[in-house]
Amino acid sequence: MADLIDVGANLTHESFSGDLPAVIDRAITAGVRRMVVTGTTLAGSEAALALARLHPRMMWATAGVHPHCAADLDDATADRLRTLLRDPLVVAAGECGLDYFRDLSPRKAQRSAFARQLELAATSQRPLFLHQRDAHADFLAILKEQGSRLPAGIAHCFTNGPDELADYLAIGLHIGITGWICDERRSADLRAAVAVLPLDRVVVETDAPYLLPRTIRPAPGSRRNEPAWLPEVVRTLAEFMGQSPEVVAEATTRNAERLFGISAN
Ligand SMILES: [Zn+2]
């Protein structure tokens with residue numbers, strides 16, 4: 001299988017603080033030599049950039065405020081995000097979007113924080129790293145308001161079916177597939193969607209430490225997910241795309257390189 005790029009790993013999560021070097025070693029052994037560290041708050045985005053600086057040509061960062069924390073996005077935070085987005089190692093704006101499933105920030109605050117980060121992405125010419133849960137209609141409407149100004153982007157951790165997929169493909173988004181595809185209990189919609197997902201729009205991510213693939217045998221002792229499990233996502237995704245893992249691996253790597261402007265090593 002071609003070398004993979006994990007486009008979404010929360011490596012600044014506290015669960016990695018004790019053994020990150022070992023996590024990285026296992027990723028490399030598994031052929032996951034490049035990863036994009038997700039930022040979900042201002043402090044988390046700064047930490048993601050600091051981590052990327054320690055791992056040149058292996059790690060990059062995103063900078064953004066997750067919809068759970070949308071109420072935190074004030075003017076000062078937006079200014080600091082704008083500065084972060086100028087750094088060459090910060091390759092995407094986000095994680096940003098809407099989450100009406102958990103509703104941890106008021107929906108109005110979520111919508112305005114999202115619109116604001118779309119502007120930041122457009123002015124800094126960075127692709128978007130997008131989160132959407134139970135908010136498809138509002139999410140799509142806000143993206144469409146951007147018209148031709150809408151940057152490229154990834155619908156991260158896509159879990160929906162063919163209809164939502166068609167909406168995202170129509171506005172040019174790439175689709176981020178996680179270990180959700182490996183969960184036979186809840187991935188019927190997603191499995192139907194990836195059967196019609198074009199190879200030039202797919203990227204893969206672990207969303208570590210979340211979403212440990214359920215198909216790993218023998219089942220790992222820890223529930224913590226990590227980048228080394230990304231090939232399992234690719235194998236399962238390939239099965240439901242009706243492609244070989246090699247073809248899917250190569251496509252996802254090429255797509256991530258192009259989106260983020262990360263050249264091959
Ligand atoms: Zn997310």
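These legends go with four close-up views of a predicted model.

**View A. Here's the sheet, built from eight strands.** The strands line up in the order β1-β2-β3-β4-β5-β6-β7-β8, and they pair in parallel. The sheet is open, with β1 (4-9) and β8 (202-204) at its edges. Each of these two has a single partner strand, so one of its sides has no neighbour in the sheet. Going from one strand to the next, the twist averages 30°.

**View B. Now zoom in on β6 and β7.** Strand β6 (residues 153-155) and strand β7 (residues 174-177) run parallel, and two bridges join them. Look for isoleucine 154: histidine 174 in β7 stands opposite.

**View C. Helix α5 has a buried side and another side with exposed residues.** In α5 (residues 136-145), the buried residues are His136, Phe139, Leu140, Ile142 and Leu143. They span an arc of only 160° around the axis, so they sit on the same side of α5. What do they pack against? Their partners are β4 (90-99), α4 (107-124), β5 (128-133) and α6 (162-170). Over on the other side of α5, you'll find Ala137, Lys144 and Glu145 exposed. After α5 comes glycine 147, with a positive phi near 55°.

**View D. Helices α8 and α9 cross each other.** The axes of α8 (residues 230-241) and α9 (residues 245-260) come within 8 Å and cross at roughly 110°, so the two helices are roughly perpendicular. From α8, Val234, Arg235, Leu237, Ala238 and Met241 meet Pro245, Val248 and Ala249 of α9. Sort the residues of this contact and you get seven nonpolar, one charged and no polar.

Definitions and conventions
Residues are numbered from 1 along each chain as its sequence is written. This is a predicted model: local features need pLDDT of at least 70, side-chain atom pairs count only at pLDDT 80 or more; totals for chains, interfaces and linings use all residues. Side-chain values use heavy atoms; hydrogens and water are left out. Axes are lines fitted to C-alpha atoms, for helices over the stretch in contact, and angles run from 0 to 180 degrees between N-to-C directions. Helices (H or I, at least four residues) and strands (E, at least two) are DSSP runs, numbered from the N terminus. Angles under 35 degrees count as roughly parallel, over 145 as roughly antiparallel, 65 to 115 as roughly perpendicular and the rest as oblique. Contact means heavy atoms within 4.5 Å. Ala, Val, Leu, Ile, Met, Phe, Trp, Tyr, Cys and Pro count as nonpolar, Asp, Glu, Lys and Arg as charged, and the others, Gly among them, as polar. Buried means under 20% relative accessible area, exposed over 50%, partly exposed in between (1.4 Å probe, protein chains only). The arc is that of the directions from the helix axis to the C-beta atoms. Two strands pair if DSSP finds at least two bridges between them.
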